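Me: I am new to reading protein models and would like to understand the words people use for them. Could you go through one with me?

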Amino acid sequence: MKVMIDLLLGGPGETPQTAAETIRFIKSIAPDCAGASLGIRVYPGTGMVEVLKRESPLDGNPGLRRKYTGPIDLFLPTFYISRALGPEPAKLIKDLIAGDKRFFEPMAEQPDAQATDHNYNDNTELVEAIRQGARGAYWDILRQLRNDG
């Protein structure tokens, strides 16, 4: 049976050392594939909000990422990435993965960044593969396309 492990990196308390430890462990257990997602969606009324408020007021929390302006509105997509991961957390995670093709790396935050993650939304490559007869878990189709290409 093929196995994929999904990692959710960048939560409160995440550091370069804890991220490195996690990625080393995943490499050691050798899954067929591993998704390295970065950032946690923050929803209103959750324990995550309380954790972040203890860190700093939400409006000034440097770990919050969003693509809207104005006051923080947790009904809109708002994400948290530990600021301990530095100014380029996706680059840090990619450096730790070090080109291991088993990993779907997190997306860089630059607007012109090439997609390297396993987002299924509007994924032309995935849609075309399915149209041509590919079957199975979407992540496994993307893994096979990447390893065959």
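Reply: Gladly! Helices and strands here are DSSP runs, with at least four residues for a helix and at least two for a strand, numbered from the N terminus. From that end on, the elements run β-α-β-β-α-β-β-α-β-α-α, and there are five helices and six strands. Keep in mind that this is a predicted model.

Me: What makes the contact between Lys91 and Asp95 a salt bridge?

Reply: The distance from N to O is 2.9 Å. A side-chain nitrogen of Lys within 4 Å of a carboxyl oxygen of Asp is what the term asks for, so the pair qualifies. Both residues lie in helix H3 (residues 89-97), four residues apart, about one turn of the helix. The structure holds three salt bridges.

Me: How do you know that Glu128 and Arg131 form a salt bridge?

Reply: By the same kind of check. Their side chains meet at 2.6 Å, N to O, and the limit is 4 Å, so the name fits. The two residues are three residues apart in helix H4 (residues 124-131), which means that about one helical turn separates them.

Me: Why is Arg131 called exposed, while Glu128 is called partly exposed?

Reply: Exposed means over 50% relative accessible area. Arg131 has 62%, so Arg131 counts as exposed. Glu128 has 29%, which falls between the 20% and 50% limits, so Glu128 is partly exposed.

Me: What are the labels for Arg102 and Asp100, whose side chains meet in a salt bridge, and why?

Reply: This bridge is 2.5 Å from N to O. Asp100 has a relative accessible area of 16%, under the 20% limit, so Asp100 is buried. Arg102, at 24%, is past that limit but not over 50%, so Arg102 is partly exposed. Across the protein, buried residues make up 35% of the 149 residues.

Me: Why is Ser82 called buried?

Reply: Ser82 has a relative accessible area of 5%, and buried means under 20%, so the word applies. Ser82 is found in the loop between S5 and H3. Not counting residues up to four places away in sequence, Ser82 touches Gly10, Gly11 and Glu14.

Me: Is Lys67 buried or exposed, and how do you know?

Reply: Lys67 is exposed: the value is 87%, and the word needs over 50%, so the conclusion follows. Lys67 sits in the loop between strand S4 (64-66) and strand S5 (78-80). From Lys67 to Phe79 is twelve residues in sequence and 9.8 Å in space, C-alpha to C-alpha.

Me: What makes you say that Arg41 lies over the face of Phe79?

Reply: Arg41 is 5.9 Å from the ring centre. The limit is within 6 Å, so the distance passes; the direction must also be within 35 degrees of the ring normal. As for aromatic pairs, a search of the whole structure finds zero.

Me: How do you know that H1 and H3 meet?

Reply: Pro16, Ala19, Ala20, Ile23 and Lys27 in H1 meet Leu92, Ile93, Leu96 and Ile97 in H3. To count as contact, heavy atoms must lie within 4.5 Å. The axes of H1 (residues 16-29) and H3 come within 10 Å and cross at roughly 35°, and the crossing is right-handed.

Methods
Residues numbered from 1 in each chain as written. Predicted model: local features only at pLDDT ≥ 70, side-chain atom pairs only at ≥ 80, totals over all residues. Heavy atoms only, no water. Phe/Tyr/Trp six-rings, centres within 6.5 Å; stacked < 30°, edge-to-face > 60°. Buried < 20%, exposed > 50% of the residue type's maximum accessible area, 1.4 Å probe, protein only. Axes fitted to C-alpha atoms, helices over the stretch in contact; angles between N-to-C directions. Left-handed = near helix turned anticlockwise from the far one by under 90°.
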